[in-house]
Amino acid sequence: MISFKVPEYNNENKNFVDVKAVFDIDGNITPVAVFCESEWRDIDRIADIRPAASLKSGGAGIRYTCNIGGVRSYLFLEDTKWFLETA
């Protein structure tokens, strides 16, 4: 039998969000919209993509530095979940 260890996501400081993303043929993931404050918000621009740690919320993953509604934000993909921080 195959079993998978599922990480616990119980940090109350993390703002987990739903994300619409595009997956290309090479396996790259590009987020295009974020669901926060009861509405979908388009990502205006992605300025940087890199592996990074979250200094505010804790954890680490792929950090997308992006503008959402004119506000610079950090969108993290940690394992299989997305969370959002303001820069």
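## Ground rules

Two residues are in contact when heavy atoms of theirs lie within 4.5 Å. This is a predicted model, where local features need pLDDT of at least 70 and side-chain atom pairs count only at pLDDT 80 or more, while totals for chains, interfaces and linings use all residues. Residues are numbered from 1 along each chain as its sequence is written, and side-chain values use heavy atoms, with hydrogens and water left out.

## The big picture

There are zero helices here and six strands, so called when DSSP gives a run of E at least two residues long (a helix would be a run of H or I with at least four), with numbering from the N terminus. Read from the N terminus, the order is simply β-β-β-β-β-β.

Of the 87 residues, 31% are buried; that word means under 20% relative accessible area, while exposed means over 50% and partly exposed is in between (1.4 Å probe, protein chains only). The accessible surface adds up to about 6100 Å², and carbon and sulfur atoms own 50% of that. The areas come from the Shrake-Rupley method with a 1.4 Å probe, and for residues only the protein chains shown count as cover. Among contacts with a separation of 6 or more, 34% are between residues 24 or more positions apart.

## Following the strands

Let's walk along the chain. Strands count as paired if DSSP finds at least two bridges between them. S1 (residues 15–23) and S2 (residues 29–36) are antiparallel partners with six bridges, and Val-19 has Val-34 of S2 opposite. Five residues separate these two strands in their hairpin, where Gly-27 in the turn has a positive phi of about 90 degrees. S2 then pairs with S3 (residues 39–53), again in the antiparallel sense, over four bridges. Val-34 turns up here too, with Arg-41 as its bridge partner in S3. This hairpin has two residues between its strands, and Glu-37 in the turn shows a positive phi of about 55 degrees.

Next, S3 and S4 are antiparallel with nine bridges, one of the partnerships being Ile-46 with Cys-66 in S4. Their hairpin leaves six residues between the strands, and Gly-58 has a positive phi near 85 degrees. S4 is mostly covered, with seven of its nine residues buried. On to S5 (residues 71–78), which runs antiparallel to S4 and is joined to it by seven bridges; Tyr-64 stands opposite Leu-75 in S5. In the hairpin of S4 and S5 there are two residues between the strands, and Gly-69 in the turn has a positive phi of about 60 degrees.

## A cluster of rings

The structure has four aromatic pairs. Rings of Phe, Tyr and Trp (its six-membered ring) pair if their centres lie within 6.5 Å; planes under 30 degrees apart are stacked, over 60 edge-to-face, and the rest tilted. One of the pairs is Phe-16 with Phe-83, edge-to-face at 6.0 Å centre to centre and 75 degrees between the planes. That pair links distant parts of the chain, since Phe-16 is in S1 and Phe-83 is in S6 (residues 81–86), 67 residues apart. Phe-16 is partly exposed at 27%, whereas Phe-83 is buried at 0%.

Phe-83 also pairs with Phe-76: the centres are 4.8 Å apart with planes at 10 degrees, so this pair is stacked. Phe-16, Phe-76 and Phe-83 together form one aromatic cluster.

Two lysines join in. A charge sits over a ring if NZ of Lys or CZ of Arg is within 6 Å of the ring centre and within 35 degrees of the ring normal. Lys-14 lies over the face of Phe-83, 4.8 Å from the ring centre, and the charged end of Lys-81 is over the ring of Phe-16, 4.5 Å from its centre.

## Two residues to look at

Ser-57 belongs to the loop between S3 and S4 (60–68). Ser-57 is buried because its relative accessible area is 6%. Its side chain makes a polar contact with that of Glu-85 at 2.9 Å, meaning a pair of N or O atoms within 3.5 Å; within protein, one must be able to donate a hydrogen and the other to accept it, and residues adjacent in sequence count only if both atoms are side-chain atoms. Leaving out residues up to four places away in sequence, Ser-57 touches Asn-11, Asn-13, Lys-14, Phe-83 and Glu-85.

Ile-29 is in strand S2 and counts as partly exposed at 23% relative accessibility. With the neighbours up to four places away in sequence set aside, Ile-29 touches Ala-21, Val-22, Phe-23, Tyr-64, Leu-77 and Trp-82. Ile-29 and Leu-77 are 48 residues apart along the chain, and their C-alpha atoms are separated by 9.7 Å.
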